[in-house]
Amino acid sequence: MKRILSGIVIALAGLALAMAARNGPIALDWHQAGRLYVLHKNGSVSILDEITKKKLATIPPTFGMEPAEIFSARLKDRVFVFVSGFAGRAGVVFQYTAEGKLYAKFATPEQAASFDVDPERQILYVTSPVTNVVYAIRIDQKGSSAKRVAYIREAAAIGPVVFDRGRNRVILGDAGSGVLYDVDVTTGTYQPIASDLKRPISLGMGPGSKTLFLADAMTRLVHIYRLENGVFKQIEAIPTGLRLSAVTMGPDDTVFVADGFSVYQLSLKTKKLTRIMD
């Protein structure tokens, strides 16, 4: 009987892990209005209160889409949630209202799924790992086509991208070669600012666009860069022990990170990890 019960417990534990892996968090975004947005592998979005960590709402998954990234932005006094992914072989970004209603849909070229938003100019920046091109799409104009911004010639497979509001640039990571690039979206010129990474999987920008956070899935480190004399320079790398899938800025000198199973809050002062969601 004990063996049977033991077998049932093991089977249930295995099922729980499988469900966590299937529905676990793959991307995060924190909004300074006090909301943490969690994108799950099944395409649904959980909206958490930053203080209580309680779930406030859920945006259901969009049928037929494999999710990739999430971002929230205030556009003309309205909060929107953007979710990117793949519909078949095509890249797509869905724009939802804060209440979870589908507002707009943008097709992206060349399987571009990593993205960020310039909320002031209402521009969606997307990166293609197939062609290593950065594109810009106007989100305030229906039917707007993607405009080529930059081609990263040396890259192997560009992926995570974050918009730098302070300098009107995008920072992007090359998941293939471990290089971090700083791209001028006006001229298309770029320069590498780090080349010792393994697999940059997610980027986040700190207050005032003065601090950059990078999650490396292979080394399990959260890299921290500080803007000095117009260039981001690494000041610290925090070990997490997690196979990271996402990082985003949090309140009070913290960041939120995810590993595909759980969401954690990491204190930048004490380096303590606190699990806040499974």
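**Exercise 1. Work out how much space lies in the second largest pocket, and what lines it.**

Start with the volume: in this predicted model, the second largest pocket holds about 370 Å³ of space.

Next, go to the lining. It takes in 21 residues, and those nearest the pocket's centre are Gln95, Tyr103, Phe106, Ile139 and Asp140.

Then ask which strands contribute. E6 (78-87), E8 and E11 (133-138) each supply at least two lining residues, and E8 gives the most, with five.

Finally, sort the lining by character: nine residues are nonpolar, six are polar and six are charged.

**Exercise 2. Take a look at E8 and describe how it pairs with E7.**

Find the two strands: E7 covers residues 90-97 and E8 covers residues 102-108. They pair in the antiparallel sense, over six bridges.

For a landmark, use Tyr96, which stands opposite Leu102 in E8.

Now check the turn. The hairpin has four residues between its strands, and Gly100 takes a positive phi there, near 95°.

**Exercise 3. Lay out the open sheet of four strands and pick out its edges.**

Write down the order, E1-E2-E3-E4, with antiparallel pairing. The edges are E1 (25-31) and E4 (55-59), as each of these pairs on one side only. On average, neighbouring strands here are turned by 20° against each other, ignoring direction.

Zoom in on one pair: E1 and E2 (residues 35-40) run antiparallel and are joined by six bridges. Here Ala27 sits across from Leu39 in E2.

**Exercise 4. Find the salt-bridge partner of Arg35 and say why the pair ties together separate parts.**

The partner is Asp49, with the closest N and O atoms 3.8 Å apart. Arg35 belongs to E2 and Asp49 to E3 (residues 45-49), so the bridge ties together parts 14 residues apart in sequence.

Now compare with the cut-off for burial, which is under 20% relative accessible area. Asp49, at 17%, is buried, whereas Arg35, at 30%, is partly exposed.

**Exercise 5. Survey the other salt bridges: how many does the whole structure have?**

The search turns up 10. Among them is Asp118 with Arg121, whose closest N and O atoms are 2.9 Å apart. Asp118 is buried at 1%, while Arg121 is partly exposed at 39%.

Another is Asp253 with Lys269, at 3.5 Å. This pair links loops 16 residues apart: Asp253 lies between E21 and E22, Lys269 between E23 and E24. Asp253 is partly exposed at 42%, and Lys269 is exposed at 65%.

Last, look for a network: salt bridges link Asp164, Arg167, Arg169, Asp182 and Asp184.

Note on methods. Residues numbered from 1 in each chain as written. Predicted model: local features only at pLDDT ≥ 70, side-chain atom pairs only at ≥ 80, totals over all residues. Heavy atoms only, no water. Pairing = 2+ DSSP bridges. Axes fitted to C-alpha atoms, helices over the stretch in contact; angles between N-to-C directions. 1 Å grid on protein atoms, 1.4 Å probe; cavity = no way out; pocket = protein on both sides within 12 Å on 5 of 7 lines; lining within 4 Å. Points joined across faces, edges and corners; volume = space filled by probe spheres on them. Nonpolar A, V, L, I, M, F, W, Y, C, P; charged D, E, K, R; others polar. Salt bridge = Lys/Arg side-chain N within 4 Å of Asp/Glu carboxyl O. Buried < 20%, exposed > 50% of the residue type's maximum accessible area, 1.4 Å probe, protein only.
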